[in-house]
Amino acid sequence: NTSSVQSPQSIEAYLWLFGNGIASPVAEPQPVYDELGTYPLTLIAISDQGCSDTLVQNLTIHPNPTADFVVDDACVFAETQFISQSMVDESNGDFIQTFEWTTGDGGSTAAGADYPYTYQQSGNFVPRLVVTTDKGCTATTSGSIEIFPAPLSPQGQDIIVCPGEDGVLIAEPFGTDDVRW
């Protein structure tokens with residue numbers, strides 16, 4: 001509301017008509033609309049001298065999107081695919097314009113409906129997706145993903161073997177089982 005009058009007058013009263021059967025006398029109301037659609041928004045300003053003026057503009061309520069995605073658990077260093085299943089009511093031409101992903105491991109952020117990503121560490125992570133429509137309506141969701149550790153642990157220093165000598169290789173997986181060959 002940027003209503004004004006010339007000095008020395010001042011605005012004495014406001015009346016907002018929201019086009020949905022609800023009215024308000026406050027200068028900066030915050031109406032809530034339950035239904036999508038276009039509403040005639042009317043502002044009547046009355047000065048302390050009894051003069052009034054009316055402004056009418058259309059207000060269009062657009063749908064909020066629904067953010068959703070699927071992702072499969074994966075192994076560390078293997079690519080996994082985040083796939084958006086987000087939706088918005090497109091009957092009035094609305095569409096999801098941006099997809100913003102965070103992977104939950106402090107690393108990457110990306111855009112796009114589908115997002116391939118490779119985790120560099122194992123653990124449980126909480127990825128997040130924020131979708132925004134072409135009209136600026138947003139929705140956010142988060143999920144969970146488990147990234148499994150690699151089956152072999154690092155063994156330290158390189159092994160040095162000269163030609164013609166036997167070498168012993170030992171693979172030690174995470175856990176309690178030993179694998180030798």
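How many bridges join strand β8 to β9, and do the two run parallel or antiparallel? Three bridges join β8 (residues 96-102) to β9, and the two strands run antiparallel. The structure is a predicted model, in which local features need pLDDT of at least 70 and side-chain atom pairs count only at pLDDT 80 or more, while totals for chains, interfaces and linings use all residues. Residues are numbered from 1 along each chain as its sequence is written, and side-chain values use heavy atoms, with hydrogens and water left out.

**Chain overview**

- The chain holds 16 strands and zero helices, where helices (H or I, at least four residues) and strands (E, at least two) are DSSP runs numbered from the N terminus.
- Of its 181 residues, 27% count as buried, that is, under 20% relative accessible area with a 1.4 Å probe and protein chains only.
- Among contacts (heavy atoms within 4.5 Å) with a separation of 6 or more, 48% involve residues 24 or more positions apart.
- About 12,200 Å² of the chain is exposed, and carbon and sulfur atoms supply 50% of that area, as computed by the Shrake-Rupley method with a 1.4 Å probe.

**The four-stranded sheet**

- An open sheet with antiparallel pairing has the strand order β9-β8-β12-β13, two strands being paired if DSSP finds at least two bridges between them.
- β9 (109-111) and β13 (138-142) each have a single partner strand and stand at the edges, so one side of each is left without a neighbour in the sheet.
- Neighbouring strands of this sheet are turned by 15° against each other on average, direction ignored, with axes taken as lines fitted to C-alpha atoms.
- On its other pairing, β8 is joined to β12 by six bridges, again in an antiparallel arrangement.
- T102 takes part in both pairings, since its bridge partner in β9 is T109, and T102 also stands opposite R128 in β12.

**Nonpolar cores**

- The largest nonpolar core (buried Ala, Val, Leu, Ile, Met, Phe, Trp, Tyr and Cys residues joined through side-chain atoms within 4.5 Å) has 20 residues, of which F82, W101, Y119, V131 and I147 touch the most other members.
- At least two residues of this core come from each of β8, β10 (114-118), β12 (128-133) and β14 (145-148), and β8 gives the most, with three residues.
- Leaving aside residues up to four places away in sequence, I147 touches A74, C75, V76, Y119, Q121, S122, G123 and F125.
- Another core, of eight residues, lies apart from the largest one and includes Y14, Y33, Y39 and A45.

Key: Buried means under 20% relative accessible area, exposed over 50%, partly exposed in between (1.4 Å probe, protein chains only). Axes are lines fitted to C-alpha atoms, for helices over the stretch in contact, and angles run from 0 to 180 degrees between N-to-C directions.
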